[in-house]
Amino acid sequence: MNLDRLLTVSLLSAAFVTAGLRAQLLPEGYDSAVTSLPPSANNVLTWSPGLTIWFDGTDLVLDGLGQHVTLLRFAVPVFGSFTLRADPGHVLFGESSMGNLWLVPVNGNSPTQPLANLPFNFDAVMLSNGIAIVSAKTGGFGSAFNDLHVLDLQTGNTQQLAMLPGASGPVAVDRVGDLWYATASQSFPTPSGQTDLLRFPRALVDQAIANQQVLGSSHAHTVVGGLDSASDLEFDNDGDLLFVDWYNATVGEIDDARGPNPTPKVLVDHGGTALSAASLAFREPGNAPSGSVFEPFQPTLAGDLFVHETTFGTLSQLRTIRPHTATLTASAPQPLPAGPFTLQVADGPANGTGLIAIGLTGVGSVAAFPIAGFEQPAIWDVGLLQPANTWFVSFDATGRATLPLANPGFAPALAIAAQSAFLDAAGVTIGATAPAVVLLGP
């Protein structure tokens with residue numbers, strides 16, 4: 001059976017109950033863990049698992065796994081702008097008090113002088129090996145424009161790339177190399193709906209660099225207009241753009257940002273708490289099932305989103321967000337004796353609907369199958385593309401579903417494969433458990 005037909009036709013034809021809105025930090029299908037940081041830690045960068053780089057106003061520190069190394073120290077406090085991974089051995093650190101940019105080795109050999117100077121630098125992204133794009137209001141706070149500059153990390157040379165209206169905005173580069181920029185209102189207090197998300201095609205950027213051309217807003221594609229704010233940008237491994245919306249105390253997500261209908265939604269909601277998101281970073285562990293992506297109910301290792309949360313003075317922490325996979329288990333220790341038993345799905349969608357498929361062979365290889373109309377693929381056992389049988393199940397408000405079955409008894413014991421696929425209550429998210437071996441005994 002075609003998996004698209006098995007999942008979409010079966011699930012969408014089943015009735016489902018629309019869930020009410022729930023006050024929560026994260027949507028269902030995700031999980032998170034928090035690591036405490038010193039209250040003064042800002043400009044936080046996750047360097048590698050367990051190792052974090054942060055700045056406290058005077059010291060740029062590599063911290064974790066028993067290490068606490070000062071990478072750069074200032075004699076007087078400065079205001080940090082960003083900490084960016086430049087290459088496997090260096091970070092690019094910007095501060096806006098003096099406007100200096102520092103290329104800092106992570107081996108503890110502190111640089112003796114800055115690499116370059118761009119007044120009021122705000123954010124940066126690597127465009128290619130050895131080349132960064134820096135967002136900086138080099139004309140001063142009174143200027144009506146913010147600038148993007150090309151920075152050569154070998155020479156320290158800078159070149160103006162763009163002049164864009166408003167206050168300083170963040171930059172990002174997507175997986176095909178296009179340059180993204182979010183505008184910011186010059187007005188204070190900032191009115192709502194004044195932020196536009198712009199995309200500069202890579203060919204245009206390369207041409208502008210080669211020809212010493214300064215780009216403007218008219219050279220960019222406006223991907224989304226009328227956002228309330230976007231102070232940091234980050235792409236995940238699915239082409240979704242994540243952004244810090246400080247105006248609404250959320251982390252927003254624009255699904256399929258390069259697609260025909262990019263639409264913002266909320267991924268993390270800090271409303272009602274004292275915390276605010278300050279910066280984002282995404283890391284793909286690389287050991288998840290091929291094709292899995294950072295989406296709800298995907299495999300746990302499909303990607304990590306790091307959100308630096310802070311009260312800007314009394315509390316600082318790093319939240320690691322991962323997809324959370326639903327699980328399928330049998331009701332009793334195996335091999336299951338002859339008689340009734342149940343298959344149970346936990347951590348699924350609240351009030352969702354689903355199916356459980358059973359095959360007469362053991363668990364085989366899994367693959368990611370795109371499903372028409374859904375952003376996330378189904379991670380499905382190839383052997384269960386033609387299951388022996390399927391049953392519909394309904395999920396309760398806690399995301400649990402139960403399927404009662406009977407074991408007629410097998411001697412010797414028979415190993416079968418079972419897996420569940422499901423649709424959330426709103427009908428917009430699909431997911432699947434990992435396949436499980438169920439051993440039917442005598």
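Visitor: Which residue stands opposite Ser-48 in E3?
Guide: Helices (H or I, at least four residues) and strands (E, at least two) are DSSP runs, numbered from the N terminus. Two strands pair if DSSP finds at least two bridges between them. E2 and E3 (residues 51–55) run antiparallel, with 4 bridges joining them. Opposite Ser-48, in E3, stands Leu-51.

Visitor: What kind of model is this?
Guide: Residues are numbered from 1 along each chain as its sequence is written, and side-chain values use heavy atoms, with hydrogens and water left out. Local features need pLDDT of at least 70, side-chain atom pairs count only at pLDDT 80 or more, totals for chains, interfaces and linings use all residues, and the model itself is predicted.

Visitor: Which residue takes a positive phi in the hairpin of E2 and E3?
Guide: This hairpin has 2 residues between its strands. The phi in question is near 90°. The residue that takes it is Gly-50.

Visitor: How many residues of E2 are buried?
Guide: Buried means under 20% relative accessible area, exposed over 50%, partly exposed in between (1.4 Å probe, protein chains only). E2 covers residues 42–48. The rest of the structure largely encloses this strand, because the buried count among its 7 residues is 5.

Visitor: What are the edge strands of the sheet E10-E11-E12-E13?
Guide: The sheet is open, with 4 strands and antiparallel pairing. E10 and E11 (residues 131–136) share 6 bridges, and 6 bridges also pair E11 with E12 (residues 145–152). An edge strand pairs on one side only, and here the edges are E10 and E13.

Visitor: Which residue is the bridge partner of Ala-132 in E12?
Guide: E11 has partners to consider. Val-134 in E11 stands opposite Ala-124. For Ala-132, the bridge partner in E12 is Leu-151.

Visitor: At what angle does H2 run to E13?
Guide: Axes are lines fitted to C-alpha atoms, for helices over the stretch in contact (heavy atoms within 4.5 Å). Angles run from 0 to 180 degrees between N-to-C directions. H2 (residues 202–211) lies across E10, E12 and E13, and its angle to E13 is about 125°.

Visitor: Why is the pair of Trp-180 and Phe-235 called edge-to-face?
Guide: A search of the whole structure finds 11 aromatic pairs. Rings of Phe, Tyr and Trp (its six-membered ring) pair if their centres lie within 6.5 Å; planes under 30 degrees apart count as stacked, over 60 as edge-to-face and the rest as tilted. Here the centres are 5.2 Å apart, and the pair is edge-to-face because the planes stand at 70°.

Visitor: How many residues apart in sequence are the parts that this pair ties together?
Guide: Both Trp-180 and Phe-235 are buried. Trp-180 lies in E15 and Phe-235 in E18, so the pair ties together parts whose separation in residues is 55.

Visitor: Which residue's ring has the charged end of Arg-85 over it?
Guide: A charge sits over a ring if NZ of Lys or CZ of Arg is within 6 Å of the ring centre and within 35 degrees of the ring normal. The charged end of Arg-85 is 4.0 Å from the centre. The ring belongs to Trp-47.

Visitor: Which side chain makes a polar contact with that of Asp-255?
Guide: Asp-255 is buried, with a relative accessible area of 17%. A polar contact is a pair of N or O atoms within 3.5 Å; within protein, one must be able to donate a hydrogen and the other to accept it, and residues adjacent in sequence count only if both atoms are side-chain atoms. At 3.0 Å, the partner of Asp-255 is Lys-265.
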